[in-house]
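The following paragraphs lead through one protein chain, moving from selected loops to the overall fold, the charged pairs and the contact between domains. The reader may wish to keep the structure in view throughout.

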Amino acid sequence: MFLSYSLFFSCALLAQENKNLPDKVHHAEPLYNDLVRDLGARKGEKEFNLGADIKRTSLKDDFGYLMEYEFAPIDRLGLEVETDFAYAKSRIANVPSTNQLERLRLSSQYSFYVSKKNATTLAVGYTQIFNFVNGGTAFNPFFIAAKNWQRHWHTLIYTGPEIAYQYATSKTALNWQVNTSFHYTVPNTDHFVGVEINQEISSEGIHTVLHPQIKLGLSNKLAIGMAVGLPIGGAENRLSSFLRIIYQL
C-alpha cells in the first residue's frame, strides 16, 4: 500500500513539474556559427563545447581552437563565455609560427517568442567581442528566427551587424552577418545532416562560405559535429574543416 501511494505521488509530482515547464521547440542548431544557448532555453540548462578549425594556405597552416561554456540562469535566457585561440604554423623559412589567445566573446540571447503550434522561435541577442591580437573590440547585436517544417526539417536565420573598433587608430568598421541553415534530423535520434550558408557583407563585398555538416548524438549528453568550409567566389578559395564536441552538463 505504501509503495502504491509513493508511486502515485511521484507520478503526480513529475506531471506537475512537466506542466510548469515553459514551451520549447526543438530546432537543429548550426555547428559552425552556433547559438548562445538552445532557443527557448529552460532554467538550469548548461553546456560545454570544444571546437577546432583547420585551414591550410600556401603561406601557413591556421589552427583555431575554441572553448565555450553556456547556461540558462532563467527560462528563455542564455548566456555564454567563449575563448578563441589561434595557432599559425608558417610554411616560409625564417618566419616564426605564432600561438596566441585571439578573442574573448561574452554573449546573451533571449527567446521572446516560442510557439509549439507554429513550430517557430524568435530571439534577440548581443555579443561583445574583445580582440587581443589587433587591439580592439566589436559590438554584435543579432536576431534569430527558426522554423520547423514537417517535424524533421529545420530552417534558421541568424543576422546582425558587427561594429569593430580599433583602439590604436580609433577607426570603426561595419560588417553585416547573414547566416542561414537548413537541416534534416534523423527520426528518434539526435543526429542531423545539413548545411550552413555563412555570409559577411562589408565595404569590400560579400564573402560567402558553405558549411555542409553532420552531427552525431553519441549519448543523451554527448554529441560530435563535423563541417567542411567551401568558399564561394572571392580571393580566398581554400577549403577548411571544423570539428565541435558538445557536452550537456
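Between which two strands does the loop that holds R151 lie? In this predicted model, R151 belongs to the loop that runs between β6 (136-149) and β7 (153-166). Its backbone deserves attention, for R151 is not a glycine and yet has a positive phi of about 70 degrees. The residue counts as exposed, with a relative accessibility of 66%. Another arginine invites a similar inspection. R76 is found in the loop between β2 (60-74) and β3 (77-90), and its phi, near 75 degrees, is again a positive value in a residue other than glycine. R76 is partly exposed, however, at a relative accessible area of 21%; the category follows because partly exposed covers values between the 20% limit for buried and the 50% limit for exposed.

These loops belong to a chain that contains 1 helix and 12 strands. In sequence order the helix precedes the strands, as the pattern α-β-β-β-β-β-β-β-β-β-β-β-β shows. Taken along the principal axes, the C-alpha atoms occupy a box of roughly 80 × 35 × 35 Å. Of the 249 residues in the chain, 37% are buried. When contacts between residues at least 6 apart in sequence are considered, 46% of them join residues at least 24 apart. A separation in space can also be given for one particular pair: the C-alpha atoms of G205 and N175 are 9.9 Å apart, with their positions 30 residues apart along the chain. G205 lies in strand β10, which comprises residues 205-217, and is partly exposed, with a relative accessible area of 29%.

The charged side chains offer a further view of the fold. The whole structure contains 14 salt bridges. One of them pairs E45 with K24, with 2.7 Å between the closest N and O atoms. Both partners lie in the loop between α1 (2-20) and β1 (46-56), 21 residues apart, and the pair links distant parts of the chain. E45 is buried, its relative accessible area being 18%.

A second salt bridge spans a longer stretch of sequence. Here the side chains of R244 and D34 meet, at 3.4 Å from N to O. R244 is in strand β12 (residues 240-248), whereas D34 is in the loop between α1 and β1, so that 210 residues separate the two in a pair that links distant parts of the chain. Both ends are buried: R244 has a relative accessible area of 2%, and D34 has a relative accessibility of 12%.

R37 and E70 form another salt bridge, whose closest N and O atoms are 2.8 Å apart. Because R37 lies in the loop between α1 and β1 and E70 in strand β2, this pair ties together parts that are 33 residues apart in sequence. R37 is buried at a relative accessible area of 1%, and E70 counts as buried at 0% relative accessibility. Salt bridges with shared partners unite K24, R37, D38, E45, E47 and E70 in one network.

Strand β5 (residues 120-131) provides an uncharged example in T121. T121 is buried, with a relative accessible area of 0%. Its side chain makes a polar contact of 2.8 Å with the side chain of H27. Setting aside residues up to four places away in sequence, T121 touches V25, H27, L39, G40, S111, Y113, V114, I144, A145 and A146.

How, finally, do the assigned domains meet? The domain assignment of the chain gives domain 1 (39-117) and domain 2 (134-226). Their centres, taken over C-alpha atoms, are separated by 12 Å. At the boundary, 4 residues of domain 1 are in contact with 5 residues of domain 2. The area buried between the domains is about 300 Å², and carbon and sulfur atoms give 81% of this area. L39, Q109 and F112 supply 78% of the area that domain 1 buries against domain 2, more than any other three residues. Between the two domains there are 0 salt bridges, and there are 0 residue pairs in polar contact with both residues at pLDDT 80 or more. The side of domain 1 that touches domain 2 has 2 nonpolar, 2 polar and no charged residues.

Methods
Residues are numbered from 1 along each chain as its sequence is written. Side-chain values use heavy atoms; hydrogens and water are left out. Domain bounds come from an automatic or database domain assignment. Contact means heavy atoms within 4.5 Å. Buried area is the accessible area (1.4 Å probe) that two parts lose on being put together, summed over both. A salt bridge is a side-chain nitrogen of Lys or Arg within 4 Å of a carboxyl oxygen of Asp or Glu. A polar contact is a pair of N or O atoms within 3.5 Å; within protein, one must be able to donate a hydrogen and the other to accept it, and residues adjacent in sequence count only if both atoms are side-chain atoms. Helices (H or I, at least four residues) and strands (E, at least two) are DSSP runs, numbered from the N terminus. Buried means under 20% relative accessible area, exposed over 50%, partly exposed in between (1.4 Å probe, protein chains only).
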